[in-house]
Amino acid sequence: LVLWSTQAGRVHALDPRTARNAFSLEAPRAEGPLEHLALDPSGCWLAAAGNARVSLWDLRFQVRAALWAHPKRARFEALAAVAPPAGGSAGAGAPVLAAAALGDVGLYDLATGETVGAVRVLSDATTADAASARAPPAPLQRLRPHGRTPGGGAGLTGRLRVDELCAPPPRPFGARCVLPLRGGAALLTAGSDACVRFWDLGTPGARGCYAVSASPAVEAEPIFSSCDSSGVRLLRCAPLEAHYADGSGTDGGAAAAAGHNARATHPGHRDAVLSMCAVEGGGGSALLATGARDGVVKIWC
(Lines give C-alpha, C1' and ligand atoms only; values in the text may rest on other atoms or scores of the structure.)
Protein backbone atom coordinates (compact mmCIF):
# COMPACT_ATOMS: atom_id res chain seq x y z
CA LEU A 1 0.00 0.00 0.00
CA VAL A 2 0.98 3.62 -0.60
CA LEU A 3 -0.03 5.93 2.25
CA TRP A 4 -0.36 9.70 2.19
CA SER A 5 -2.07 12.38 4.27
CA THR A 6 -3.89 15.57 3.35
CA GLN A 7 -4.32 18.99 4.90
CA ALA A 8 -7.88 18.05 5.80
CA GLY A 9 -6.60 15.47 8.31
CA ARG A 10 -7.31 12.41 6.16
CA VAL A 11 -5.08 9.42 5.50
CA HIS A 12 -5.52 7.56 2.21
CA ALA A 13 -4.15 4.15 1.23
CA LEU A 14 -3.68 3.28 -2.44
CA ASP A 15 -3.38 -0.32 -3.60
CA PRO A 16 -1.05 -0.21 -6.66
CA ARG A 17 -2.34 -3.58 -7.84
CA THR A 18 -5.85 -2.28 -8.41
CA ALA A 19 -5.11 1.49 -8.68
CA ARG A 20 -7.90 2.07 -6.15
CA ASN A 21 -8.10 3.43 -2.65
CA ALA A 22 -7.88 0.57 -0.15
CA PHE A 23 -9.24 2.72 2.68
CA SER A 24 -9.40 6.25 4.02
CA LEU A 25 -9.09 7.42 7.63
CA GLU A 26 -10.37 10.75 8.86
CA ALA A 27 -9.56 12.73 12.00
CA PRO A 28 -11.42 15.87 13.14
CA ARG A 29 -10.31 18.92 11.19
CA ALA A 30 -9.90 20.87 14.42
CA GLU A 31 -6.84 18.71 15.18
CA GLY A 32 -5.02 20.14 12.17
CA PRO A 33 -3.19 18.51 9.26
CA LEU A 34 -1.27 15.27 9.67
CA GLU A 35 2.45 15.72 9.02
CA HIS A 36 4.01 12.31 9.73
CA LEU A 37 2.93 8.69 9.23
CA ALA A 38 4.43 5.45 10.55
CA LEU A 39 3.12 1.99 9.70
CA ASP A 40 3.68 -0.87 12.15
CA PRO A 41 5.71 -3.77 10.63
CA SER A 42 2.73 -6.07 11.16
CA GLY A 43 0.58 -3.80 8.99
CA CYS A 44 -2.13 -3.69 11.67
CA TRP A 45 -1.39 -0.30 13.24
CA LEU A 46 -0.81 3.18 11.88
CA ALA A 47 0.52 6.17 13.81
CA ALA A 48 -0.23 9.64 12.44
CA ALA A 49 1.17 12.81 14.00
CA GLY A 50 0.24 16.44 13.65
CA ASN A 51 -0.08 19.50 15.90
CA ALA A 52 1.64 17.85 18.90
CA ARG A 53 -0.68 14.82 18.72
CA VAL A 54 -0.19 11.20 17.74
CA SER A 55 -3.19 9.14 16.70
CA LEU A 56 -3.06 5.34 16.81
CA TRP A 57 -5.29 3.69 14.20
CA ASP A 58 -6.27 0.02 14.17
CA LEU A 59 -6.25 -0.78 10.44
CA ARG A 60 -8.07 -4.06 10.93
CA PHE A 61 -11.22 -2.14 11.90
CA GLN A 62 -10.17 1.29 10.58
CA VAL A 63 -10.88 2.98 13.90
CA ARG A 64 -8.78 5.30 16.04
CA ALA A 65 -7.74 3.35 19.12
CA ALA A 66 -5.91 6.10 21.04
CA LEU A 67 -4.89 9.74 20.91
CA TRP A 68 -1.66 10.90 22.59
CA ALA A 69 0.13 14.21 23.13
CA HIS A 70 3.76 15.05 23.83
CA PRO A 71 4.24 15.70 27.57
CA LYS A 72 5.65 19.18 26.81
CA ARG A 73 3.12 19.87 24.05
CA ALA A 74 5.90 19.88 21.46
CA ARG A 75 5.42 19.09 17.81
CA PHE A 76 6.67 15.74 16.60
CA GLU A 77 9.36 16.17 13.93
CA ALA A 78 9.62 12.54 12.77
CA LEU A 79 8.02 9.13 13.36
CA ALA A 80 9.12 5.53 12.79
CA ALA A 81 7.74 2.19 13.94
CA VAL A 82 10.32 -0.04 15.67
CA ALA A 83 10.42 -3.35 17.50
CA PRO A 84 10.32 -3.30 21.32
CA PRO A 85 13.87 -2.90 22.74
CA ALA A 86 15.45 -5.88 24.48
CA GLY A 87 14.35 -6.00 28.10
CA GLY A 88 11.87 -3.16 27.57
CA SER A 89 8.51 -2.91 29.26
CA ALA A 90 6.40 -2.87 26.09
CA GLY A 91 3.60 -5.38 26.04
CA ALA A 92 3.59 -8.34 23.71
CA GLY A 93 2.52 -7.27 20.24
CA ALA A 94 2.17 -3.63 21.25
CA PRO A 95 3.31 -1.13 18.61
CA VAL A 96 6.38 0.86 19.64
CA LEU A 97 6.94 4.26 18.09
CA ALA A 98 10.16 6.26 17.71
CA ALA A 99 9.06 9.89 17.88
CA ALA A 100 11.45 12.85 17.56
CA ALA A 101 10.74 16.06 19.50
CA LEU A 102 12.85 18.66 21.36
CA GLY A 103 16.22 17.00 20.72
CA ASP A 104 15.06 13.55 21.86
CA VAL A 105 13.90 10.49 20.00
CA GLY A 106 11.67 8.67 22.46
CA LEU A 107 10.55 5.07 22.14
CA TYR A 108 6.94 4.87 23.26
CA ASP A 109 4.61 1.94 23.79
CA LEU A 110 1.51 3.25 22.05
CA ALA A 111 -0.72 0.82 23.91
CA THR A 112 0.03 2.59 27.21
CA GLY A 113 1.99 5.74 26.25
CA GLU A 114 4.89 4.66 28.48
CA THR A 115 8.52 5.47 27.56
CA VAL A 116 10.48 2.25 26.92
CA GLY A 117 13.72 3.84 25.67
CA ALA A 118 15.21 7.00 24.17
CA VAL A 119 18.19 8.55 22.38
CA ARG A 120 19.33 12.13 22.99
CA VAL A 121 21.82 14.55 21.42
CA LEU A 122 23.37 17.04 23.87
CA SER A 123 24.46 20.26 22.20
CA ASP A 124 26.30 21.57 25.28
CA ALA A 125 28.95 19.40 26.92
CA THR A 126 28.65 21.28 30.22
CA THR A 127 25.13 19.95 30.80
CA ALA A 128 25.98 16.27 30.35
CA ASP A 129 25.84 15.53 34.07
CA ALA A 130 22.71 17.57 34.79
CA ALA A 131 19.75 15.63 36.16
CA SER A 132 17.56 16.72 33.25
CA ALA A 133 20.14 15.42 30.75
CA ARG A 134 20.09 12.00 32.40
CA ALA A 135 16.31 11.65 32.69
CA PRO A 136 14.45 9.93 29.82
CA PRO A 137 11.50 11.67 28.14
CA ALA A 138 8.26 11.63 30.10
CA PRO A 139 5.45 9.31 28.96
CA LEU A 140 2.92 10.46 26.41
CA GLN A 141 -0.31 11.94 27.73
CA ARG A 142 -3.61 10.42 26.69
CA LEU A 143 -6.10 12.88 25.22
CA ARG A 144 -9.83 12.75 24.82
CA PRO A 145 -10.76 12.59 21.12
CA HIS A 146 -12.26 15.84 19.81
CA GLY A 147 -10.74 17.68 22.77
CA ARG A 148 -8.98 21.02 22.75
CA THR A 149 -5.83 21.30 20.67
CA PRO A 150 -2.75 21.17 22.98
CA GLY A 151 -1.38 24.67 23.58
CA GLY A 152 -3.80 26.14 21.08
CA GLY A 153 -6.16 27.93 23.41
CA ALA A 154 -9.92 27.78 23.30
CA GLY A 155 -12.09 28.61 20.31
CA LEU A 156 -11.58 28.39 16.58
CA THR A 157 -8.75 30.96 16.54
CA GLY A 158 -6.75 28.94 19.07
CA ARG A 159 -7.32 25.63 17.31
CA LEU A 160 -6.22 27.06 13.95
CA ARG A 161 -3.18 28.78 15.55
CA VAL A 162 -3.87 32.05 13.74
CA ASP A 163 -1.10 33.76 15.72
CA GLU A 164 1.48 31.55 14.00
CA LEU A 165 0.55 33.02 10.60
CA CYS A 166 2.11 36.35 11.61
CA ALA A 167 5.04 34.99 13.64
CA PRO A 168 5.83 31.35 12.82
CA PRO A 169 7.55 29.69 15.81
CA PRO A 170 11.15 28.55 15.22
CA ARG A 171 11.68 24.82 14.87
CA PRO A 172 13.61 23.43 17.85
CA PHE A 173 16.99 21.72 17.66
CA GLY A 174 16.79 17.97 17.11
CA ALA A 175 16.15 15.09 14.76
CA ARG A 176 14.20 15.62 11.55
CA CYS A 177 14.19 12.00 10.36
CA VAL A 178 14.42 8.56 11.96
CA LEU A 179 15.18 5.28 10.18
CA PRO A 180 14.90 1.91 11.99
CA LEU A 181 17.37 -0.83 11.05
CA ARG A 182 17.81 -4.51 11.92
CA GLY A 183 14.13 -4.93 12.58
CA GLY A 184 14.17 -2.06 15.06
CA ALA A 185 17.30 -3.15 16.97
CA ALA A 186 19.10 -0.02 15.72
CA LEU A 187 18.19 3.52 14.71
CA LEU A 188 19.64 6.09 12.35
CA THR A 189 18.82 9.69 13.21
CA ALA A 190 19.67 12.97 11.50
CA GLY A 191 18.45 16.50 11.81
CA SER A 192 19.23 20.14 12.40
CA ASP A 193 22.95 19.66 13.16
CA ALA A 194 23.48 17.89 9.79
CA CYS A 195 25.01 14.88 11.55
CA VAL A 196 23.86 11.30 10.89
CA ARG A 197 24.12 9.04 13.95
CA PHE A 198 23.83 5.28 14.38
CA TRP A 199 22.28 4.09 17.65
CA ASP A 200 22.61 0.42 18.60
CA LEU A 201 19.61 -0.43 20.77
CA GLY A 202 20.44 -4.11 21.09
CA THR A 203 23.99 -3.89 22.49
CA PRO A 204 24.60 -3.15 26.18
CA GLY A 205 26.11 0.24 26.88
CA ALA A 206 26.86 2.52 23.95
CA ARG A 207 29.72 0.63 22.27
CA GLY A 208 27.73 0.08 19.10
CA CYS A 209 26.83 3.76 18.61
CA TYR A 210 28.78 6.09 16.34
CA ALA A 211 28.50 9.14 14.08
CA VAL A 212 28.16 8.30 10.39
CA SER A 213 28.92 11.85 9.23
CA ALA A 214 30.42 14.96 10.75
CA SER A 215 28.50 18.02 11.84
CA PRO A 216 29.76 21.32 10.36
CA ALA A 217 28.84 23.16 13.58
CA VAL A 218 30.83 20.94 15.99
CA GLU A 219 34.58 20.54 15.69
CA ALA A 220 35.00 18.07 18.54
CA GLU A 221 34.50 14.32 18.21
CA PRO A 222 31.19 13.02 19.56
CA ILE A 223 31.09 10.70 22.54
CA PHE A 224 28.28 8.26 23.27
CA SER A 225 27.08 7.07 26.66
CA SER A 226 24.29 5.03 28.17
CA CYS A 227 22.36 5.52 31.41
CA ASP A 228 19.33 3.82 32.92
CA SER A 229 16.58 5.45 34.91
CA SER A 230 13.63 3.48 36.35
CA GLY A 231 14.31 0.67 33.91
CA VAL A 232 14.34 2.97 30.85
CA ARG A 233 17.56 3.01 28.82
CA LEU A 234 18.75 6.37 27.51
CA LEU A 235 21.51 6.62 24.91
CA ARG A 236 23.22 10.02 24.69
CA CYS A 237 25.63 11.76 22.36
CA ALA A 238 27.72 14.79 23.36
CA PRO A 239 30.91 16.52 22.17
CA LEU A 240 34.17 14.94 23.36
CA GLU A 241 34.65 17.71 25.93
CA ALA A 242 31.83 16.23 27.99
CA HIS A 243 33.10 14.61 31.20
CA TYR A 244 30.76 12.27 33.01
CA ALA A 245 31.14 12.06 36.76
CA ASP A 246 30.14 8.40 36.79
CA GLY A 247 32.49 7.42 33.94
CA SER A 248 29.63 6.62 31.60
CA GLY A 249 31.45 8.29 28.70
CA THR A 250 33.95 5.45 28.40
CA ASP A 251 31.71 3.54 26.00
CA GLY A 252 31.81 6.43 23.55
CA GLY A 253 35.58 6.66 23.93
CA ALA A 254 35.93 3.00 23.04
CA ALA A 255 33.82 3.52 19.94
CA ALA A 256 35.97 6.47 18.87
CA ALA A 257 39.15 4.47 19.43
CA ALA A 258 37.73 1.75 17.20
CA GLY A 259 37.43 4.26 14.37
CA HIS A 260 33.70 4.94 14.63
CA ASN A 261 33.86 8.73 14.83
CA ALA A 262 32.68 11.62 12.74
CA ARG A 263 36.07 12.97 11.63
CA ALA A 264 37.15 9.55 10.36
CA THR A 265 34.29 9.55 7.83
CA HIS A 266 33.62 11.59 4.72
CA PRO A 267 32.33 15.15 5.23
CA GLY A 268 28.60 15.34 5.80
CA HIS A 269 25.93 17.79 4.77
CA ARG A 270 26.23 21.54 5.31
CA ASP A 271 22.65 22.04 6.50
CA ALA A 272 19.86 20.14 8.22
CA VAL A 273 19.22 16.58 7.05
CA LEU A 274 15.51 16.26 6.27
CA SER A 275 15.09 12.73 4.92
CA MET A 276 16.78 9.32 4.89
CA CYS A 277 16.08 5.98 3.26
CA ALA A 278 17.81 2.62 2.93
CA VAL A 279 18.40 1.38 -0.61
CA GLU A 280 19.78 -1.87 -1.98
CA GLY A 281 23.10 -1.60 -3.76
CA GLY A 282 25.00 -3.99 -6.00
CA GLY A 283 25.54 -7.48 -4.70
CA GLY A 284 22.77 -7.12 -2.11
CA SER A 285 24.68 -4.52 -0.07
CA ALA A 286 22.71 -1.91 1.86
CA LEU A 287 23.22 1.79 1.15
CA LEU A 288 21.97 4.88 2.95
CA ALA A 289 20.62 7.87 1.03
CA THR A 290 20.28 11.21 2.82
CA GLY A 291 18.77 14.46 1.57
CA ALA A 292 19.40 17.81 3.23
CA ARG A 293 18.42 21.45 3.06
CA ASP A 294 21.75 22.20 1.37
CA GLY A 295 20.26 20.71 -1.83
CA VAL A 296 22.57 17.68 -1.83
CA VAL A 297 21.71 13.97 -1.80
CA LYS A 298 24.49 11.77 -0.41
CA ILE A 299 24.86 7.98 -0.63
CA TRP A 300 26.62 6.19 2.24
CA CYS A 301 27.88 2.62 2.21
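Strands here are DSSP runs of E, at least two residues long, numbered from the N terminus.

**Figure 1. Overview of the predicted chain.** The model is predicted. The chain holds four helices and 21 strands. It has 301 residues, and 49% of them count as buried. About 14300 Å² is exposed, with carbon and sulfur atoms supplying 55% of that area. Take the contacts between residues at least 6 apart in sequence: 46% of these join residues at least 24 apart.

**Figure 2. Close-up of Asp58 in strand S6.** Strand S6 spans residues 53-58 and includes Asp58. Asp58 counts as buried because its relative accessibility is 7%, and the cut-off for buried is under 20%. Leaving aside neighbours within four places in sequence, Asp58 contacts Cys44, Trp45 and Val63.

**Figure 3. The largest nonpolar core.** This core has 21 residues. Ala98, Val105, Leu107, Val178, Leu187, Trp199 and Leu235 have the most contacts inside it. Two or more residues each come from strands S8 (78-82), S9 (96-101), S10 (104-109), S11 (115-121), S13 (175-181) and S18 (232-239). In soluble globular proteins, nonpolar side chains tend to be buried together.

**Figure 4. Close-up of Val105.** Val105 is among the residues with the most contacts inside the largest nonpolar core. Neighbours within four places in sequence are left aside here. Val105 then contacts Ala98, Ala99, Ala100, Gly117, Ala118, Val119, Ala175, Val178, Leu187 and Thr189.

**Figure 5. Another nonpolar core.** This core lies apart from the largest one and has 17 residues. Among them are Trp45, Phe76, Leu79 and Ala99. Trp45 is also one of the contacts of Asp58, and Ala99 is one of those of Val105.

Definitions and conventions
Residues are numbered from 1 along each chain as its sequence is written. This is a predicted model: local features need pLDDT of at least 70, side-chain atom pairs count only at pLDDT 80 or more; totals for chains, interfaces and linings use all residues. Side-chain values use heavy atoms; hydrogens and water are left out. Buried means under 20% relative accessible area, exposed over 50%, partly exposed in between (1.4 Å probe, protein chains only). Contact means heavy atoms within 4.5 Å. A nonpolar core is a set of buried Ala, Val, Leu, Ile, Met, Phe, Trp, Tyr and Cys residues joined through side-chain atoms within 4.5 Å. Accessible areas come from the Shrake-Rupley method with a 1.4 Å probe; for residues, only the protein chains shown count as cover.
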